[in-house]
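Let's take a friendly walk through how the two chains meet and what fills the interior. Have the sequence and the model open as you read.

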Amino acid sequence: MAMLPLAAARLSAALLVMLGACTLVFLLIHLVPGDPVDAMLGETARAADREALRAALGLDAPLWQQYLAYLRGLAQLDLGTSLTEQRPVASILAERLPPTLILATASLVLALVIAIPLGLLAARYQHRWVDSLAMGFSLLGVAVPNFWLGPLLILVFSLLLGWTPVSGMRQPGSLILPAVTLGTGLAAVLARMLRNSLLEVLGDDYIRTARAKGLSAGAVLWRHALRNAWLPVLTLIGLQLGALLAGAVITETIFAWPGIGSLMVEAIQARDFPVVQGTVLLIAALYVLVNTLTDLAYASVDPRVRAH
Amino acid sequence: MRWLLPAGILLLWALAALIGPELPLTPNQIDLPQILRGPTLLQPLGTDDLGRPVLDRLIVGSRTSFLVALSVVSVSLVIGVLIGGLAGYAGGWLDLATVRLIDVFLAFPGILLAIVLAGVLGPGLDNLIIALAAVGWVGYARLTRAQILSLRRRDHVLAARALAVPAHRILVRHLLPLAAAPLIVEASFGIASVVVAEAGLSFLGLGIQPPAASWGSMIRDGVAYMLVSPHLVLAPGLALLLVVLAVNLAGDRLRDRLDVRG
C-alpha cells in the first residue's frame, strides 16, 4: 500500500476508536449507579434544588438525547463546564496539558539515555557481569511501583540531602524526581527489549559479513545491528507511552505536579464528572494519536511493513 | 534452584494471606502512647501514626492483595476466554464487533479506565475488584481470539466438525486446551499487574478504605511521617516489590518451561 492511502486508513481507524472511547466513557459515567446530583448536593438537599441542578446539567433529558448533546459538544471541542470551578473543561485541560507533556518528554528522554547504553552493553557482553547487572536493574525497574519509588526519592534527595524540591514545578530542579520516578520503569522495559532485539539481529548474515570485513565489535553493534534492532523498540515506545501517561496520574499526584494526571485525581475526589471525563478522553486521544503516528513512522522507515 | 527464591516469596505471601485471620493479630488496635515507634522485640516492624503494629497490618494487607489478585485474574480470565473464544471461533460480524470493542478498551492506557471506574463506583473491596476486572478481561480476550484463529483450521478440529461435534464442545475440548499454555503465562504476569494496580488505587484513596489495610494505603498513610518513621513506607513497599519480582520471575520460568514465545 502506498503511504497516503495507508495514512488515511490508519487515521480513520483511529477516529473510529476514539468515537468508541467517547461512548464508553459516557456510558461509564451515566450508567453506573450513584447520582452525580446527590454527590454534589449531598443527601440532605431539598428536592427543588435537586431538580434545578438536574435540569441545569441536562440530566433530566433521556439518555440518548444526553448522548447526542455530548457528541455534538465533543465535535466542537466543548467538553462541558467544571462543576467545582464553573469554567469550561477545555480551558482547564489546556492549562494542565503542558506540564504533563513536559514531564512525559523528560521521562522518555531519561529512559532512552539509560536504556540505550544499558541494552548495548548487555548485548555486547552477553552472559557476563555487565549483562547480569543490566538485566538485574531491568527486573527491579519493572517491579518497583512508582508510588513507592517517588516517596523514597523524596526521602533521600529532598528531605535527607536537600538537593531537590519536594513537590510542585516552580523551583529549578523540580522536574528531576518526577521524571526519574516515571522514567525508571520505561528504561527497564526498553533496556531489556533492546538487548533481546540486538541479540536476535546479531545472529544474521550481514552481521557476519560486517565482522568478516574487519569491523570492530563496537562498530558492528552501533552501525549495523542497532539500526535493525531499533524497529521493535520503536513500536514498544509507542505502546509504553500509554503506560507513561497512566503512570503520570500517580506520579503527578505524589509530586503535586500540576498536570492532567493530578487534575484527574482531584476531579475524582471532588466528583467533578465533566472534568474526569475530559481528562480520560484527552489521555486516550493522546495515546491513540501517538500509536497511530508510531505505526506510520514504522511504515515509512520499514518498507516491509507497507507490503502487508 | 531458579525456582527457589520466587517460590519461597510466593508461598510466604499466600501463607500470610490465608492463615492471617487465624493469627492473634491486632491490626486495627489504636494505641496512642505507642505512635511511630521504631522496630522493637515485641513489634518487629514498629508502629504507625495511630500506634497500630505495622507487621500485623502488613499481614492483613497481604490478604487484601492476594484476594484481589486471585479474584480479578480469575474473573478476567473467564470473561476474556469466553468473549475471545466465541469471537475467534464464530468469526464474521461477531468477531469484527469484538475486535472493535477490544480496540476501544485498549485506547485507555494501563489502569486509567480502572482509576475512573473505581472513582465513579466509589471505594471498597468489591468495587475495586469490579473496576480491575472490567479492564482486565481485554488482554485475555485478545490472546484467546488470536490463539483460536491460528488453531481453528487444524486437522483435528476439521475432523471434529466433519463428525458434527457441536461448536461449544469443539471450543472447550479441542481448541482451548491447546490455547491454555500462553493463557497461563499471561495470567501469571497478570497477577503482578493486578497486585500493583490494587496497591496503586488504594494509594490514590480509591481502593481499600480505612481501617482495612492494603499495602498501597499503608504507603499513602506513611508518606506524611517519612522523615521520622521511614519504616512505615519501607515495609509495605518492600513487600510489594518482592511479590511483584517473584511473580515476574516465576512467570519468566513458566514461559520457558511451557515454551511460549513472548
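## A residue to start from

Start with Ala114(B): setting aside neighbours within four places in sequence, this residue is in contact with Ala131(B), Leu132(B), Val135(B), Ala197(B) and Leu201(B). Please keep in mind that this is a predicted model.

## The nonpolar core

Where does Ala114(B) fit in the wider picture? Ala114(B) is among the residues with the most contacts inside the largest nonpolar core, which has 150 residues. Also in that group are Leu190(A) and Ala191(A) from chain A, and Leu112(B), Ile115(B), Leu132(B) and Val195(B) from chain B.

Which helix gives the most to this core? That is helix H10 of chain A (residues 217–255), with 15 residues.

## Where the chains touch

The contact between the chains draws 35 residues from chain A and 35 residues from chain B. On the chain B side, helices H3 (92–106), H4 (112–121), H7 (167–203), H8 (215–223) and H9 (231–258) each supply at least two residues. By class, this side of chain B has 26 nonpolar, 7 polar and 2 charged residues.

## One helix pair up close

Now look at helix H1 (residues 3–31) of chain A and H3(B): their axes come within 8 Å and cross at roughly 75°. Because of that angle, H1(A) counts as roughly perpendicular to H3(B).

H1(A) makes this contact through Val17(A), Gly20(A), Ala21(A) and Leu24(A), while H3(B) brings Arg100(B), Asp103(B) and Val104(B). Sorted by class, the residues of this contact are 4 nonpolar, 1 polar and 2 charged.

Note on methods: Residues are numbered from 1 along each chain as its sequence is written. Chains are lettered from A and ligands numbered from 1 in the order in which they are written. This is a predicted model: local features need pLDDT of at least 70, side-chain atom pairs count only at pLDDT 80 or more; totals for chains, interfaces and linings use all residues. Two residues are in contact if their C-beta atoms, placed from the backbone, lie within 7 Å. Helices (H or I, at least four residues) and strands (E, at least two) are DSSP runs, numbered from the N terminus. Ala, Val, Leu, Ile, Met, Phe, Trp, Tyr, Cys and Pro count as nonpolar, Asp, Glu, Lys and Arg as charged, and the others, Gly among them, as polar. Axes are lines fitted to C-alpha atoms, for helices over the stretch in contact, and angles run from 0 to 180 degrees between N-to-C directions. Angles under 35 degrees count as roughly parallel, over 145 as roughly antiparallel, 65 to 115 as roughly perpendicular and the rest as oblique. A nonpolar core is a set of buried Ala, Val, Leu, Ile, Met, Phe, Trp, Tyr and Cys residues joined through C-beta atoms within 7 Å. A residue is buried if 20 or more other C-beta atoms lie within 10 Å of its own, exposed if 12 or fewer, and partly exposed in between; C-beta atoms are placed from the backbone.
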